[in-house]
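Work through the exercises below with the sequence and the structure at hand. Each task is followed by a solution in steps.

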Amino acid sequence: MSRLSRRILPALAALAMGVVANHSSAQTFPTRPITVIVPFAAGGPTDTVARLVAEQMGRDLGQAVVVENVGGAGGTLGAQRTASARPDGHTLLIHHIGMSTIPTLYRRLSYDPVNGFEPVGLITEVPMTIIGKRNLAANNLQELVTLVRRERQGINLANAGVGAASHLCGLLFQSALNVQLTTVPYRGTGPAMNDLVGGTVDLMCDQTTNTTEQIRAGTVRAYAVTTPTRLGSLPDLPTANEAGMPGFEISIWHGLYAPRGTSPEIVARLSTALQAALRDPGLTRRFQDLGTEPVAQERATPDAHRTFWQADVARWRPIIQAAGQFAD
Ligand code: ASP
């Protein structure tokens, strides 16, 4: 054997083994339980969606899919943890519209908020509701508008940090009324809801996946939903439009992501499992009861979600730049 072949042949063999190993890892994936990082505290809306989806995906994948809450910094801590995880499909992220706003809101991050991920698919679009503590001195949205205009910084508005859905909705609310309230950040709107129910904060704007049951139980006051029409799940709740804030509309979406560099085969397998989860009748019923629905199958794919997400990043950029409100 020539000196050249002695050097080249082992290298080619190693390369071939690598190809086989990668190939078989895509075919045998998953080889162990999968972790889905939720970048907010347990008990909130992202957590609720993630736990329902994770359970069903686990059935399809034949491995447990375990939710890990990594809350803080408006969802950027959990996203950063995912972006730097091994890209082997065993660490994933379920995030929300923050994936579109954070690239503009945060000018310095220790991860790439767009190129650090492989989108797997869209999960759902969720309405927001404006809610207050039970004894807030406002019986409807008109009275709430009068109250916040009068009290301004005397009103505490809970959110899940800069870039969170509650933060965006709160910003829209304040700018629509041209007031500045006192914002109180939490690691997620799960714990924020506890304080709202306990009466230590006054107001919050949050997804129906977190607010529906509290609204029905009467533990919080509900003022409006941010959709163009009323929800079947909360038929008595007026839209912001009809209750006195015309044009106040916002809906939040959730998507599933893998770290950048995850193989297309593994991303495709995850997308198939996501689609299977979204077809599950029990999951659909639970989503509907919480005021939302799984997206159509063709939107729960990597390509469709990449296109949607890129367009959404571009949609939010000028809005945030015009508002001049950055996280740093
Ligand atoms: N709904 C929260 C938000 O404001 C996050 C969460 O706790 O899921 O973005």
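A disulfide is a pair of cysteine sulfur atoms within 2.5 Å. The model used here is predicted.

**Exercise 1. The disulfide**

Find how many disulfides the whole structure holds, which residues are joined, and what the handedness is.

Solution.
1. Searching the whole structure gives one disulfide.
2. The partners are Cys 169 and Cys 205, with an S to S distance of 1.9 Å. This value is within the 2.5 Å cut-off.
3. The torsion about the S-S bond of Cys 169 and Cys 205 is about 45 degrees, so the disulfide is right-handed.
4. Cys 169 belongs to helix α6 (residues 165-177), while Cys 205 belongs to strand β7 (residues 203-207). The two cysteines are 36 residues apart, and the pair links distant parts of the chain.

**Exercise 2. Cover over the two cysteines**

Decide for Cys 169 and for Cys 205 whether the residue is buried or exposed.

Solution.
1. The cut-off for buried is a relative accessible area under 20%.
2. Cys 169 has 0% relative accessibility, so Cys 169 counts as buried.
3. Cys 205 has a relative accessible area of 4%, so Cys 205 is buried as well.

**Exercise 3. The setting of Asp 47**

State which helix holds Asp 47, whether Asp 47 is buried or exposed, and which residues Asp 47 is in contact with beyond its sequence neighbours.

Solution.
1. Asp 47 sits in helix α2, which covers residues 45-61.
2. With 5% relative accessibility, Asp 47 counts as buried.
3. Neighbours within four places in sequence are left aside; Asp 47 is then in contact with Val 38, Ala 41, Ala 42, Val 67 and Asn 69.

**Exercise 4. The chain as a whole**

Describe the protein chain by its helices and strands, its compactness, its burial and its charges.

Solution.
1. The protein chain contains 12 helices and 10 strands.
2. Its radius of gyration is 22 Å, close to the 20 Å that the globule rule gives for 328 residues, so the chain is as compact as a globular protein of that length.
3. Of the 328 residues, 52% are buried.
4. Take the contacts between residues at least 6 apart in sequence: 78% of them join residues at least 24 apart.
5. The accessible surface is about 14300 Å², and carbon and sulfur atoms account for 51% of this surface.
6. There are 28 positive and 25 negative side chains, and the centres of the two sets are 7 Å apart.

Definitions and conventions:
Residues numbered from 1 in each chain as written. Predicted model: local features only at pLDDT ≥ 70, side-chain atom pairs only at ≥ 80, totals over all residues. Heavy atoms only, no water. Helix = DSSP H or I, 4+ residues; strand = E, 2+ residues; numbered from the N terminus. Rg over C-alpha atoms; globule rule 2.2 N^0.38 Å. Buried < 20%, exposed > 50% of the residue type's maximum accessible area, 1.4 Å probe, protein only. Contact = heavy atoms within 4.5 Å. Areas by Shrake-Rupley, 256 points an atom, 1.4 Å probe, with all protein chains shown as cover. Lys, Arg positive; Asp, Glu negative; His and termini not counted. Charge placed at Lys NZ, Arg CZ, Asp CG, Glu CD.
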